[in-house]
Amino acid sequence: MKNFFRYAAVALVGLFALGSCSSDDTDEQSGRAALAQPEVTVRDLTTTGFTLRWNAVEDAGNYTYTLNDGTPATTSACEIVFEELERQTEYVVAVKSCPKSGSGYAESAYTYIHVVTDDMEQLPKPKILLGCAYSSRTVISWSAVPESDGYEYTIGDQTVTTDKRQISLSALGKSKEYTFTVRALSNDPTRFSDSQASELKFTTSDDDVPTLLVAPVEVISDAVAFDVYATSDVTYYYDVISAALFAKYTPEQIVSAYQQYALEYAQKQGISIQLAMASLLKSGTQTITIMGLTPELSYVAFAFGMDYKGNITSDLSYAPFKTTSDGYSSGPNYGGSSWFTQSFYITNAYAALMGYGWTNSVWSLWKGQDVAKLRYRTLTTKVFSQVFTDPNDKQAIIAFLKDDNYGYQLEDAALALVNSGTGNNMVTPANMGVSYTQSTLAISSGGEETLCVNSVTTKTSTTAASWFLLKAQKDESFGPTYNTFAALMQGVDVVSARYAFFPATALSGIAESKYPAVIEEYGVDLDSGYIPYINNNGFALVFGEEAGIKPQTEYVVMMTVTNSAGDKLTRSSSVTTDAAPVPPAVTARSLSMRSAMLGQSPAGRAIDRPERFIFPMEAEQLPAGARPDSDLWTLIHNMQILK
């Protein structure tokens with residue numbers, strides 16, 4: 001039996017009389033049959049409140065409840081919301097059913113619920129993706145949330161609990177606005193509370209379902225799978241382009257450009273239009289996968305009808321989506337201890353040497369102290385979820401790993417590396433574009449056990465594409481390398497940027513995932529006049545002695561950029577200054593002054609030869625001639641259909 005909330009719930013019948021609904025009569029006194037007690041569950045448990053819910057009791061007109069034996073209150077709803085409570089405090093709620101007037105029933109006994117508010121972790125909100133919105137067919141999907149036991153979505157006055165992550169709605173009104181919400185439900189409310197609800201407002205189309213319907217169904221960092229719904233006799237052309245490029249043209253212009261491209265394709269190949277169309281067009285309902293996309297970038301998948309003679313047969317149908325960050329997986333991630341850690345990741349660093357890169361392998365780095373035994377197993381996240389319906393069932397996972405039929409034991413030589421300072425790195429062959437989950441059980445010499453469960457998704461392309469690059473660099477061309485360095489940057493379609501820099505020691509203990517918040521609080525907006533340089537050959541922001549740069553000190557530069565589609569990307573880079581030839585004069589400066597100095601002291605300059613500094617980096621080198629109005633699809637995939 002699963003726990004649905006973190007509290008001790010007890011149904012104490014007839015032990016206390018905390019008030020009544022309408023009279024002092026009880027069923028013993030009146031001889032009337034008592035109503036059924038409400039079967040109460042707790043939801044939305046947070047540090048400051050919770051919600052009680054129950055199904056309607058037959059013949060009940062309303063319900064009476066008390067909080068901590070306080071003044072009774074009455075409600076006709078089947079829900080009570082308590083807010084502004086104390087943290088980590090126990091509350092006792094009593095709820096009973098009250099009969100309808102003239103029903104002949106007596107009120108029920110109280111149901112008592114003990115609820116303890118806590119500072120437990122709240123599940124993250126699901127990310128909603130609207131596939132299409134028509135009155136007869138609206139497709140909505142959302143991302144998986146680790147540690148969830150299902151999802152609860154609401155549209156209109158309908159609330160549904162499901163273990164699916166995609167729904168198809170019908171019988172909606174045309175040109176009508178709807179609000180859809182979904183939240184993740186905790187699979188272990190002793191550790192996690194339900195997520196807040198994600199909200200999507202959408203308006204159904206005034207048109208009927210088009211001949212073609214495009215709906216994304218799966219998105220990873222560099223690939224998308226989307227469905228194109230069509231009858232078997234309908235042929236169509238499809239593609240995926242950046243949202244920034246899509247916004248520059250009307251649907252008619254896009255269709256015309258692709259039609260012209262198809263006709264020119266046939267002419268260049270010296271083949272008939274019918275034969276060319278046969279190689280370019282799809283027909284009927286299909287699931288289409290496009291790989292080699294850029295992480296954390298908004299795209300649009302589209303299709304339009306075209307026959308084998310090259311004639312346009314239907315308007316453009318499209319759906320937007322955004323790729324995830326590299327390695328992102330919706331699988332579980334938890335575990336570890338002070339004496340053992342696991343890093344489960346993808347990398348291209350060893351591709352040339354070993355042939356294993358981020359498309360065909362996953363990597364494990366184990367570091368520990370006094371680890372006597374280590375057992376592990378790597379499964380696809382899909383299989384892991386099938387084997388363990390509750391991904392947080394540690395006892396089941398530990399039993400699985402200890403079973404020689406399922407778990408593998410690390411060899412003694414590798415175990416010695418685990419206990420060394422560098423740790424043990426291991427590669428596991430994998431398929432591209434697949435999420436994997438690794439479970440590892442470490443056992444100390446004293447018999448203590450710790451479990452690690454982590455997930456990562458492989459990429460579909462060996463290319464490291466990015467729409468913004470940042471690298472901290474020291475070079476004599478920017479000034480003395482003991483008190484000067486530059487932040488080198490280059491991007492495509494960047495419209496704004498905000499940056500900050502700190503000594504690395506000031507960021508001790510701050511995870512990179514927190515850098516966007518650090519930039520927001522302490523950073524400075526980059527002068528808009530510099531943006532065109534970033535989108536061209538590149539731009540260098542120089543930090544010198546006047547900015548407080550000292551010798552033999554490591555600095556971290558971080559920047560958040562935004563493109564025309566509203567996508568945000570945060571990058572960081574570090575550099576260590578050289579030793580000074582002579583002791584320089586040092587002016588005392590405080591970190592509290594840093595934000596003010598940032599806007600005044602750095603000098604900016606365009607980079608004449610960016611290849612000297614920016615490359616190599618862990619990102620694809622952008623082709624020469626990249627312009628601020630260039631699109632990523634054209635730059636990275638060299639498709640010159642739209643200019």
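This is a dialogue about reading a predicted model, feature by feature.

Visitor: Let's get oriented. How many helices and strands does the protein chain have, and how much of the chain is buried?

Guide: Keep in mind that the model is predicted. The protein chain comes to 12 helices and 40 strands. Of its 643 residues, 48% are buried. As for contacts between residues at least 6 apart in sequence, 74% of them join residues at least 24 apart.

Visitor: Where do I start with the nonpolar side chains?

Guide: The general idea is that in soluble globular proteins nonpolar side chains tend to be buried together. Here, the largest nonpolar core has 46 residues. F226, V240, F321, F468 and M489 are the ones with the most contacts inside that core.

Visitor: Pick F226. Which residues is F226 in contact with, leaving aside its neighbours within four places in sequence?

Guide: One stretch of partners is V214, A215, P216 and V217. Then come Y238 and V240, and V240 is another of the core residues with the most contacts. The list is completed by Q286, T287, I288, I290 and A301.

Visitor: On to charges. How should I read a salt bridge?

Guide: Side chains of opposite charge can pair when their charged atoms come close. This structure holds 17 salt bridges. Take E296 and R571, whose closest N and O atoms are 3.8 Å apart. E296 sits in the loop between β22 and β23 while R571 belongs to strand β39, so the pair ties together parts that are 275 residues apart in sequence. R571 counts as partly exposed, because its relative accessibility is 28%.

Visitor: And D404 with R375: what is the N to O distance there, and is each one buried or exposed?

Guide: Their closest N and O atoms are 2.9 Å apart. The pair links distant parts of the chain, with D404 in the loop between α7 and β29 and R375 in strand β28, 29 residues apart. The two ends sit in opposite surroundings: D404 is exposed at 64% relative accessible area, whereas R375 is buried at 6%.

Visitor: Which residue does D578 meet in a salt bridge?

Guide: K474, with an N to O distance of 2.6 Å. D578 lies in the loop between β39 and α11, and K474 in the loop between β33 and β34, so this pair ties together parts 104 residues apart in sequence. Both ends are partly exposed, D578 at 28% and K474 at 29%. There is also a network: R43, D44, R53, E79, E152, R183 and D194 are joined by salt bridges that share partners.

Visitor: What about the faces of a strand?

Guide: In a regular strand the side chains alternate between the two faces of the sheet. Strand β14 (residues 166–169) shows I167 and L169 on its covered face, with Q166 and S168 on the uncovered one. Strand β11 (residues 138–142) pairs with β14 in the antiparallel sense, over four bridges. Across that pairing, V139 stands opposite S168.

Visitor: In what order do the strands run in the sheet that includes β39?

Guide: The order is β36-β35-β38-β39, an open sheet with antiparallel pairing. Its edge strands are β36 and β39, each pairing on one side only. Between β38 (residues 554–563) and β39 there are nine bridges, and V556 has S574 as its bridge partner in β39.

Visitor: Can we look at a polar residue too? Is Q438 buried or exposed?

Guide: Q438, found in strand β31, is buried with a relative accessible area of 0%. A polar contact of 2.8 Å joins its side chain to that of T378. Other residues Q438 touches include Q342, F344, W366, R377 and M426.

Visitor: Last one: how do I check that a helix such as α3 has the expected span?

Guide: Use the rise along the helix and compare it with the ends. At 1.5 Å a residue, the 19 residues of α3 (residues 251–269) should span 27 Å, and the end C-alpha atoms are 27 Å apart, so the two agree. The buried residues of α3 are I254, V255, A257, Y258, A262 and A266, and they pack against β20, α2, α4 and β23. Just after α3, G270 takes a positive phi of about 65°.

Notes:
Residues numbered from 1 in each chain as written. Predicted model: local features only at pLDDT ≥ 70, side-chain atom pairs only at ≥ 80, totals over all residues. Heavy atoms only, no water. Core = buried A, V, L, I, M, F, W, Y, C linked by side-chain atoms within 4.5 Å. Buried < 20%, exposed > 50% of the residue type's maximum accessible area, 1.4 Å probe, protein only. Contact = heavy atoms within 4.5 Å. Salt bridge = Lys/Arg side-chain N within 4 Å of Asp/Glu carboxyl O. Helix = DSSP H or I, 4+ residues; strand = E, 2+ residues; numbered from the N terminus. Pairing = 2+ DSSP bridges. Polar contact = N/O pair within 3.5 Å; in protein donor to acceptor, adjacent residues only side chain to side chain. Expected span 1.5 Å × (residues − 1).
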